[in-house]
Amino acid sequence: MKLLNSFGPNPRLVRMFMLEKGITLDVQEHDLMGAENRRPPYTDKNPAGQLPSLELDDGTVIAETVAICEYLDEISPGNLVDFCVHAAKAQACMGGKLAA
């Protein structure tokens with residue numbers, strides 16, 4: 001699992017959440033100012049081009065900040081938040097935006 005990261009408030013929120021939970025992940029930096037998130041290969045993983053994203057070991061990508069934090073909270077000890085329940089529900093949290 002790895003965090004697809006950049007600068008900005010949303011990636012920072014996820015990094016702060018990870019620090020609070022004591023979660024360490026591989027991090028892949030993306031050049032937001034160079035629009036790296038708006039073209040392949042990034043958009044192959046996340047067509048909306050959002051940052052951050054969480055890429056799971058099976059290739060699934062969770063792209064909404066709240067969904068990422070909820071997923072990380074569910075898979076690590078000591079729940080801090082209660083937004084959704086697990087990976088499938090985390091995807092459902094972001095699915096409303098993609099369903100159109």
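Visitor: Let's kick off with Lys 45: what is its relative accessible area, and is it buried, partly exposed or exposed?
Guide: Bear in mind that this is a predicted model. Buried would need under 20% and exposed over 50%. Lys 45 falls in between with a relative accessible area of 34%, so the residue is partly exposed.

Visitor: Which residue does Lys 45 form a salt bridge with, and how far apart are the closest N and O atoms?
Guide: Look over at Glu 55, the salt-bridge partner of Lys 45. The pair links distant parts of the chain, with Glu 55 in strand 3 and Lys 45 in helix 2, 10 residues apart. So here's what you asked for: the partner is Glu 55, and the closest N and O atoms are apart by 2.9 Å.

Visitor: Is Glu 55 buried or exposed?
Guide: The cut-off for buried is under 20% relative accessible area. Glu 55 comes in at 15% relative accessibility, so this residue counts as buried.

Visitor: Which residues are linked with Glu 55 in a network of salt bridges?
Guide: Besides the Lys 45 pairing, Glu 55 forms a salt bridge with Lys 2, where the closest N and O atoms are 4.0 Å apart. Lys 2 lies in strand 1 and Glu 55 in strand 3 (residues 53–55), so this pair ties together parts that are 53 residues apart in sequence. Lys 2 is partly exposed, at 26% relative accessible area. The residues networked with Glu 55 are Lys 2 and Lys 45.

Visitor: What is the bridge partner of Lys 2 in strand 2?
Guide: Strand 1 (residues 2–5) pairs with strand 2 in the parallel sense, over 4 bridges. In strand 2, the residue bridged to Lys 2 is Asp 26.

Visitor: What handedness does the β-α-β unit have?
Guide: The unit is built from strand 1, helix 1 (residues 9–21) and strand 2. Its two strands pair in the parallel sense. The β-α-β unit is right-handed.

Visitor: Which residue forms a salt bridge with Lys 21?
Guide: The closest N and O atoms of this pair are 2.8 Å apart, and the partner is Asp 73. The two link distant parts of the chain, Lys 21 in helix 1 and Asp 73 in helix 3 (residues 65–75), 52 residues apart. Lys 21 is buried at 14% relative accessible area, and its partner is buried too, at 0%. So the name you want, buried at that value, is Asp 73.

Visitor: How many salt bridges does the count come to?
Guide: We've met Lys 2 with Glu 55, Lys 21 with Asp 73 and Glu 55 with Lys 45. The count comes to 3.

Visitor: Now for the surface: which residues make the nonpolar patch?
Guide: The patch covers about 330 Å². One of its members, Met 33, lies in the loop between strand 2 (26–29) and helix 2 (42–45). Met 33 is exposed, with a relative accessible area of 69%. The patch is made by Phe 7, Leu 32 and Met 33.

Visitor: Zooming out, in what order do the elements run from the N terminus on?
Guide: There are 4 helices and 4 strands to place. Along the chain, the order is β-α-β-α-β-β-α-α.

Visitor: What percentage of the 100 residues in the chain is buried?
Guide: The chain exposes about 5800 Å², with carbon and sulfur atoms supplying 56% of that area. Glu 55 is one residue that counts as buried. Across the 100 residues, the buried share is 39%.

Terms used
Residues numbered from 1 in each chain as written. Predicted model: local features only at pLDDT ≥ 70, side-chain atom pairs only at ≥ 80, totals over all residues. Heavy atoms only, no water. Patch = residues over 30% accessible without salt bridge, like charges linked within 9 Å, V, L, I, M, F, W, Y side chains within 5 Å. Areas by Shrake-Rupley, 256 points an atom, 1.4 Å probe, with all protein chains shown as cover. Salt bridge = Lys/Arg side-chain N within 4 Å of Asp/Glu carboxyl O. Buried < 20%, exposed > 50% of the residue type's maximum accessible area, 1.4 Å probe, protein only. Pairing = 2+ DSSP bridges. Right-handed = clockwise from strand over helix to strand, strands pointing away.
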